[in-house]
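Please open the model in your viewer, with side chains available to switch on, and follow the stops below in order. Each stop names a selection and then says what is there.

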Amino acid sequence: MQRFCPHMQDYGELFIRAEAAYRAFNAMVDRAVAEEDTPDLRRALDNALEDWQRETRALREKFRELYEQGRILLPKGALQKHGHGSRHQGHGKCSDCFKPIPRLEYPEWQIAHNGAVNFRGEELDLEQEDLALVH
């Protein structure tokens, strides 16, 4: 089944790029946790993070552009600020065919109420020189 309708192909291509950058960043975090910290590894991790941020930014900009053009419909109240941990119900839809538009999700990452960063359910110790999971 095709995830994006023909009206959203450009957006779909950006979405796929953002997903791929996210997977590549997660692979680099796995590597950084498993291997000894080196300047090359740290640079590769920084580059993967920058790629993910760039691709996600491009996707958000395209979403905003399509929304402002009236090509994406959002559920009522979707643009209101919601508290930490709240999830707005419903998806944006194509204004031409009403097919739902998938959302990017980051299930491997969570931020706890105390500010701890969790990767795949384990806390990352960001204070250590070497990136490490707290067991």
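Which backbone oxygen does the side chain of Thr56 reach? Before selecting Thr56, bear in mind that this is a predicted model. With Thr56 and Trp52 shown as sticks, the contact can be traced from the side chain of Thr56 to the backbone oxygen of Trp52, at 2.8 Å. Thr56 sits in helix α2 and is buried, its relative accessible area being 6%. Setting aside residues up to four places away in sequence, Thr56 touches Ala18, Leu104 and Tyr106, and these three can be added to the selection for the next view.

**The whole chain**

Now zoom out and colour by secondary structure. The protein has two helices and six strands, and from the N terminus on they follow the order α-α-β-β-β-β-β-β. Of its 135 residues, 26% count as buried. If contacts are restricted to residues at least 6 apart in sequence, 48% of them join residues at least 24 apart.

**The helix pair**

Select residues 9-34 for helix α1 and residues 39-68 for helix α2, which pack at an angle of about 155° with their axes 8 Å apart. Because the angle is over 145 degrees, α1 counts as roughly antiparallel to α2. The crossing that α1 makes with α2 is left-handed. Colouring the contact of α1 with α2 by residue class should show 21 nonpolar residues, one polar residue and six charged ones.

**Asn26**

Stay on helix α1 and select Asn26, which is found there. Is Asn26 buried or exposed? With a relative accessible area of 2%, which is under the 20% limit, Asn26 counts as buried. When residues up to four places away in sequence are left out, Asn26 touches Glu108, Trp109, Phe119 and Arg120. Two of these residues, Glu108 and Arg120, return at later stops.

**Asn118**

Move next to strand β4, residues 117-119, and select Asn118, which lies in this strand. At 16% relative accessibility, Asn118 counts as buried. Apart from neighbours within four places in sequence, Asn118 is in contact with Glu108, Trp109, Gln110, Ala112 and Glu123. For Glu108, a distance label drawn from C-alpha to C-alpha should read 7.8 Å, across a separation of 10 residues in sequence. For Glu123, show the backbone as well, since the side chain of Asn118 reaches the backbone nitrogen of Glu123 at 3.3 Å.

**Two residues with positive phi**

The last two selections concern the backbone, and a Ramachandran plot beside the viewer is useful here. Most residues other than glycine have a negative phi. Which sign does phi have at Arg120? Arg120 has a positive phi of about 55°, although this residue is not a glycine. Arg120 is placed in the loop between β4 and β5, the latter covering 122-125, and is partly exposed, with a relative accessible area of 43%.

Finally, select Phe98, in the loop that runs between β2 (93-94) and β3 (109-111). Phe98 likewise is not a glycine, and its phi is positive, at about 65°.

Terms used. Residues numbered from 1 in each chain as written. Predicted model: local features only at pLDDT ≥ 70, side-chain atom pairs only at ≥ 80, totals over all residues. Heavy atoms only, no water. Axes fitted to C-alpha atoms, helices over the stretch in contact; angles between N-to-C directions. Helix = DSSP H or I, 4+ residues; strand = E, 2+ residues; numbered from the N terminus. Parallel < 35°, antiparallel > 145°, perpendicular 65-115°, else oblique. Left-handed = near helix turned anticlockwise from the far one by under 90°. Nonpolar A, V, L, I, M, F, W, Y, C, P; charged D, E, K, R; others polar. Buried < 20%, exposed > 50% of the residue type's maximum accessible area, 1.4 Å probe, protein only. Contact = heavy atoms within 4.5 Å. Polar contact = N/O pair within 3.5 Å; in protein donor to acceptor, adjacent residues only side chain to side chain.
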